[in-house]
Amino acid sequence: FIYISTPSVNPITVVIKPIGAARADYIYLTVSNEAPAVENIRLPNGATSSIGMWDTQLVIPESLGAAILNDKGYIIEAEKPIYVSVRLQSDAQAGAIVSKGGAALSKSFLFGGFVNFSPIQIDYNSFFSVMATEDETEVTVEFPKGVVLSNYQGTYPVSFKLEKNESFVGILDATNSAGNIDGLIGGNLTSNQNVVVISGC
């Protein structure tokens, strides 16, 4: 679900733009301080349960073949300040992604997340996702120890180029490398133009 609220006492228009979608697929909502909005993100293939929703506009499968995507995620815009929270649930856990607005833009990020070791190695993934806000965005990612991204075949440090609204998602499967257990923590991303980043487990 996408939850949208605003401090504005007057109604304002919010546009949810699925990346890669046509304008006809944009979602238009009206929100105010007393009337927040909730948008139900559609599940794949007519599914009615969140269990197994691993390939949607927001969530990607572990078996992702390509690391660079141009059809995942959302851009949410409004004429006045808003707050956006995306809440999701799997069969055993739940989580949230919160908006940072303009403060989310930078050319330098450090990754964070949990250690996938409790106390034995378990088959969980860590990940990072970076989205470009401008064309010709060059990105470099360095890790504090040796890691193996399961969906990247290039050299390390990881380097790639993104166009506007494209994303690179790096997946660290804890069973692929001992470094993947905690190697995301302290990873350093730098770029030549502003990007937005999330990371975690």
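**Exercise 1. What percentage of the 201 residues of the protein count as buried?**

Solution. Keep in mind that you are working with a predicted model.
- Step 1: Take the burial cut-off, which is under 20% relative accessible area.
- Step 2: Apply it along the chain, and 36% of the 201 residues count as buried.
- Step 3: For the surface itself, the accessible area comes to about 11,200 Å², with 52% of it belonging to carbon and sulfur atoms.

**Exercise 2. Work out which secondary structure elements the protein has, and how its contacts spread along the sequence.**

Solution.
- Step 1: Count the elements: there are 14 strands and zero helices.
- Step 2: Turn to the contacts with a separation of 6 or more; residues 24 or more positions apart account for 70% of them.

**Exercise 3. Find the largest nonpolar core and the strands that supply it.**

Solution.
- Step 1: The largest core has 21 residues, and Phe 128, Val 141, Phe 143, Phe 168 and Leu 189 have the most contacts inside it.
- Step 2: Strands 10 (125-132), 11 (137-142), 12 (158-162), 13 (167-173) and 14 (188-200) each supply at least two residues of this core.
- Step 3: Look around Phe 128: beyond four places in sequence, its contacts include Phe 111, Leu 149, Leu 184 and Ile 198.
- Step 4: A second, separate core has 12 residues, among them Ile 2, Ile 16, Val 31 and Val 86.

**Exercise 4. Decide whether Ser 8 is buried or exposed.**

Solution.
- Step 1: Locate Ser 8 in the loop between strand 1 (2-5) and strand 2 (12-18).
- Step 2: Its relative accessibility is 11%, so Ser 8 counts as buried.
- Step 3: Leaving aside neighbours within four places in sequence, Ser 8 contacts Ser 32, Asn 33 and Lys 80.

Note on methods:
Residues are numbered from 1 along each chain as its sequence is written. This is a predicted model: local features need pLDDT of at least 70, side-chain atom pairs count only at pLDDT 80 or more; totals for chains, interfaces and linings use all residues. Side-chain values use heavy atoms; hydrogens and water are left out. Helices (H or I, at least four residues) and strands (E, at least two) are DSSP runs, numbered from the N terminus. Buried means under 20% relative accessible area, exposed over 50%, partly exposed in between (1.4 Å probe, protein chains only). Contact means heavy atoms within 4.5 Å. A nonpolar core is a set of buried Ala, Val, Leu, Ile, Met, Phe, Trp, Tyr and Cys residues joined through side-chain atoms within 4.5 Å. Accessible areas come from the Shrake-Rupley method with a 1.4 Å probe; for residues, only the protein chains shown count as cover.
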